[in-house]
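Hi,

Here is the structure I promised to pass on to you. Have a look at it first, and then read on for my notes.

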Amino acid sequence: MQIKRFEAPDMQEAMRQVKETLGPEAIILSTKTIRRPAGPTWMPRPSRVEVVAATDHPATEKPKPAPRVSPLFLPQLESQKSSAFPLENPFLQKMLSAGISAEFVGELGKGLSGWKADSRREGNTEFCLHYFRWKLMEAVEVTGPEAEGAKVWSFIGPTGVGKTTTLAKLAAHFSLRLAQRITLVTIDTYRIGAVDQLKTYARILGLPLEIATGREEFQEILWNHRDQDWVLVDTAGRNPYSQEQLEELKGILTVDPRVENHLVLSATTKDFDLAQVVQRFSLLPIRSYIFTKLDETDEYTSLFNQLLRFKRPLSYLTNGQKVPEDIELATKGKVASLVLNRIPWN
Ligand SMILES: Nc1nc2c(ncn2[C@@H]2O[C@H](COP(=O)(O)OP(=O)(O)OP(=O)(O)O)[C@@H](O)[C@H]2O)c(=O)[nH]1
Ligand SMILES: [Mg+2]
């Protein structure tokens, strides 16, 4: 792998240099504007841009796949393994202390040891952080923006994680910004007030709402709304430890193969509990993860660990209660920043 820094008068020129030197496959790790030191006021002070980019090297070498960890590999087992890795590098120790999966930190350690010939680099903070960022981005999958086409999305997960609120945020986004035809459906006739909550959002957004009390009714609603761009389905929060509740959910959602399930996970949940939730909800096919309540914690390593343990793409991140503002499309760079920016490196 090569990591290089480029400086140019503008972004276009910097990108041209990146492409020419590292090839079209290069990944941009960071960009920033450099201001020139102050001179006489009448002199123009043109700014320059700095781009740090990376690529696999040599070009013919295939990228190493990110480690695939067994779904049964739960957090408490990982902590027992951590002593097996050569962790003389203080940056790796910091990643471990922050709670990042020992398996992943071990992989980083192996990668870094490949640079031992240049010991100046190994201890270099900037180099290590760029390297970690690159590896984090490589390990994470994201869905990216949705392609055109009719979709039926369900929002599933434990109680109170933000399923209904996230559905409302996306409904607002799809209808107001993309002017798409949307129908809301709820199969949550379980919790008192759940239907009214979605009804309120439907009224504010001017969207139709359907209520399904069982499998057949749900199937009929989906058939009747087959011309819609999006059918967004709210579900009742389910206890991951109740097999009966999960089977009931599965019974309804598998009635139509077009239903894509998005598992909603709260950033405030502990690593071990998150792993249990993901494992137990996996009795349904899961299209993507949605991470909520990023604003209620300062620690994102637990969420990141689930992306490593159970390889599935991440679609959206939510960071507040405001509908529709507090939601954004997940990107690899954003996930890497969330994880790395909270670790005290000094
Ligand atoms: N701080 C914060 N609060 C959120 C976020 N998303 C949702 N909430 C709040 O979390 C609470 C629960 O949200 P709901 O959308 O009702 O959660 P749910 O998963 O549908 O809950 P159940 O249907 O009861 O399982 C509400 O007070 C929301 O405003 C978020 O990203 N940040
Ligand atoms: Mg709800």
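What span should the 15 residues of helix α7 (residues 163–177) have at 1.5 Å a residue, and how far apart are its end C-alpha atoms? The expected span is 21 Å, and the end C-alpha atoms are 21 Å apart, so the two agree. Please keep in mind that this is a predicted model, and that goes for everything below.

**Helix α7 and the ligand**

Staying with α7, its buried residues are K163, T164, T165, T166, L167, A168, K169, L170, A171 and F174. After the helix comes A179, which has a positive phi, near 50°.

Helix α7 also matters for reading the surroundings of ligand 1, since the largest share of that shell, 3 residues, comes from α7. There are 20 residues around ligand 1, and those that come nearest are G162, K163, T164, T165 and G237. If you sort the shell by class, you get 11 polar, 7 charged and 2 nonpolar residues.

**The sheet**

Next, the strands. An open sheet is formed by 8 strands, with mixed pairing, in the order β6-β5-β7-β4-β8-β9-β10-β11. At its edges stand β6 (209–211) and β11 (327–329); each has a single partner strand, so one side of each is left without a neighbour in the sheet. From one strand to the next, the twist averages 25°.

Strand β5 (residues 182–186) is a good place to zoom in. It pairs with β6 in the parallel sense over 3 bridges, and with strand β7 (residues 230–234), again in the parallel sense, over 5 bridges. If you want landmarks for these pairings, L184 stands opposite L209 in β6. V185 faces a partner in each neighbouring strand: E210 in β6 and V233 in β7.

Is β5 enclosed or open to the outside? A residue is called buried here if 20 or more other C-beta atoms lie within 10 Å of its own. By that rule 5 of the 5 residues of β5 are buried, so the strand is largely enclosed by the rest of the structure. In a regular strand the side chains alternate between the two faces of the sheet. In β5 both faces are covered, with I182, L184 and T186 buried on one side and T183 and V185 buried on the other.

Further along the sheet, β9 (286–292) and β10 (314–318) run parallel and are joined by 3 bridges. In that pair, Y289 stands opposite L314 in β10. β10 is mostly covered too, as 5 of its 5 residues are buried.

**Helices α11 and α9**

Which residues of helix α11 (residues 271–281) are buried? They are D271, L274, A275, V277, V278 and F281. Seen down the axis of α11, these buried residues fall within an arc of 160°, so they line one face of the helix. The general background is that an α-helix has 3.6 residues a turn, so residues three or four places apart point the same way.

For a residue at the other end of the scale, try E216, which sits in helix α9 (residues 215–224). E216 is exposed, because it has 11 other C-beta atoms within 10 Å and the cut-off for exposed is 12 or fewer. Its C-alpha atom is separated by 8.0 Å from that of V255, although E216 and V255 are 39 residues apart along the chain.

**Two backbone spots to check**

Most residues other than glycine have a negative phi, and most peptide bonds are trans. Two places depart from this and may be worth a click.

The first spot is K293, in the loop between β9 and α12 (301–309). Its phi is positive, near 60°, in a residue other than glycine. K293 is buried, because 22 other C-beta atoms lie within 10 Å. The C-alpha atoms of K293 and G162 are separated by 7.9 Å, with their positions 131 residues apart along the chain. G162 is also one of the residues that come nearest to ligand 1.

The other spot is P324, in the loop between β10 and β11. The peptide bond from V323 to P324 is cis, with omega near 5°.

Happy browsing, and all the best!

Key. Residues are numbered from 1 along each chain as its sequence is written. Chains are lettered from A and ligands numbered from 1 in the order in which they are written. This is a predicted model: local features need pLDDT of at least 70, side-chain atom pairs count only at pLDDT 80 or more; totals for chains, interfaces and linings use all residues. Helices (H or I, at least four residues) and strands (E, at least two) are DSSP runs, numbered from the N terminus. The arc is that of the directions from the helix axis to the C-beta atoms. The expected span of a helix is 1.5 Å times one less than its number of residues. A residue is near a molecule or strand if its C-beta atom, placed from the backbone, lies within 6 Å of it. Ala, Val, Leu, Ile, Met, Phe, Trp, Tyr, Cys and Pro count as nonpolar, Asp, Glu, Lys and Arg as charged, and the others, Gly among them, as polar. Two strands pair if DSSP finds at least two bridges between them. Axes are lines fitted to C-alpha atoms, for helices over the stretch in contact, and angles run from 0 to 180 degrees between N-to-C directions.
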